[in-house]
Amino acid sequence: MKDALDKPFGDIFQPDDEGLAAKAGHPPAPFVETGGSGGALLFTAPHAGRHYPPELLSRTRLSIERLRRLEDPLIDVLIGPAAAAGTTTIAGTYARAWIDLNRRETEMDARQMTPAPPAHADHRSPRVSAGLGLVPRTAGDGRPIYDQLLPLEAVTARIRQVHRPYHHRIAQVLAEKHARNGIAMLCDMHSMPSLPPSQAADVVIGDRHGRTCGSWLTDAAHNWLTENGLRVTRNQPYAGGHGVERHGSPANAVHALQFEFDRRLYLNLDNVSLNAHAMSLSMIIAGLAAMLHGLLAGAADAHRLAAE
């Protein structure tokens with residue numbers, strides 16, 4: 001595995017004007033996969049997408065600038081050096097306002113669909129109640145996104161065309177890594193608004209309160225980030241969403257952590273451009289990846305020896 005800390009940035013750290021949609025074509029594929037295929041580690045970025053389909057823009061009175069408040073802005077750029085050093089990376093391409101890849105398929109909001117979703121839909125989920133379900137009802141400032149009800153068939157089409165292929169590929173990559181190494185790990189990468197003083201943290205690590213990742217890996221990630229000068233908390237207020245919940249199974253040696261990084265660590269106040277500290281944080285993340293690669297490689301070696 002290449003040393004992420006020795007990899008020159010070059011063009012890696014330069015966001016393009018059209019973002020992930022440009023890399024995937026128009027309309028884009030559901031995700032962009034970069035990095036190498038080796039090792040047991042996978043980075044994902046479900047809220048990195050910057051493609052806003054015409055069907056969305058024709059149904060909303062909100063500007064793209066307001067819709068972008070739902071994104072994890074430029075998180076794909078932030079993890080780019082880790083991918084360049086060999087970490088497999090899968091980033092969503094469609095905007096979160098179109099469909100949220102970190103929600104269950106059943107987290108449908110009956111208040112914005114016609115006909116109503118099936119009875120098994122989880123319309124009482126706290127995230128749905130807040131307007132942030134599978135298809136968000138409100139933008140980041142609480143304003144309604146749509147000025148009319150969405151056809152249920154349009155929502156199910158988004159699931160078929162974007163949500164399922166994204167998660168199918170994640171499951172496939174994790175299975176391939178597990179088959180080769182006897183272990184696999186998912187790091188689901190996000191960004192967050194600055195937390196209030198009572199919860200102050202630069203990074204929140206979520207493992208669903210210990211259910212999606214072995215403590216030895218969670219502790220290692222926590223300690224690495226702390227040693228690099230970041231304030232780290234766990235599970236409050238973000239315990240991890242659908243990505244880690246669906247794919248993490250530590251009992252089967254498939255581990256999953258969610259990381260939420262304070263946007264002030266890498267973004268200017270406009271929330272769409274990188275600040276002077278972004279490169280430093282990106283290198284910390286690349287170092288985190290290199291450290292986890294080493295731990296997982298050691299576990300894979302132990303697994304192979306035990307099998308001999």
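The following paragraphs describe the cysteines and the salt bridges of this structure.

The model is predicted, and for that reason local features need pLDDT of at least 70 and side-chain atom pairs count only at pLDDT 80 or more, whereas totals for chains, interfaces and linings use all residues. Residues are numbered from 1 along each chain as its sequence is written, and side-chain values use heavy atoms, with hydrogens and water left out.

The cysteines come first. A disulfide is a covalent bond between the sulfur atoms of two cysteines; the criterion applied here is a pair of cysteine sulfur atoms within 2.5 Å. By this criterion the structure holds 0 disulfides. C187 takes part in none, and the nearest cysteine sulfur to its own, that of C213, is 7.8 Å away. Seen from C213, the closest cysteine sulfur is that of C187, and the two are not bonded because 7.8 Å is too far for a bond. Both residues can also be placed by their relative accessible area, for which buried means under 20%, exposed over 50%, and partly exposed in between, with a 1.4 Å probe and protein chains only. C187 is buried, at 0%, and C213 is buried as well, at 3% relative accessibility.

Charged side chains provide the second theme. The structure holds 19 salt bridges, a salt bridge being a side-chain nitrogen of Lys or Arg within 4 Å of a carboxyl oxygen of Asp or Glu. One of them joins D76 and R50, with an N to O distance of 2.8 Å. This pair links distant parts of the chain: D76 lies in helix α4 (residues 75–78), while R50 lies in the loop between β2 (41–45) and α2 (54–57), 26 residues apart. Helices (H or I, at least four residues) and strands (E, at least two) are DSSP runs, numbered from the N terminus. D76 counts as buried at 10% relative accessibility, and R50 is buried too, with a relative accessible area of 12%.

A further salt bridge connects the side chains of R96 and D100, at 2.9 Å from N to O. R96 and D100 are both buried.

What is the accessibility of the partners in the salt bridge between R169 and E176? The closest N and O atoms of this pair are 4.0 Å apart. R169 is buried, with a relative accessible area of 18%, whereas E176 is partly exposed, with a relative accessible area of 34%. Elsewhere, salt bridges that share partners join R104, E107, D122, R127, R208 and E245 into one network.
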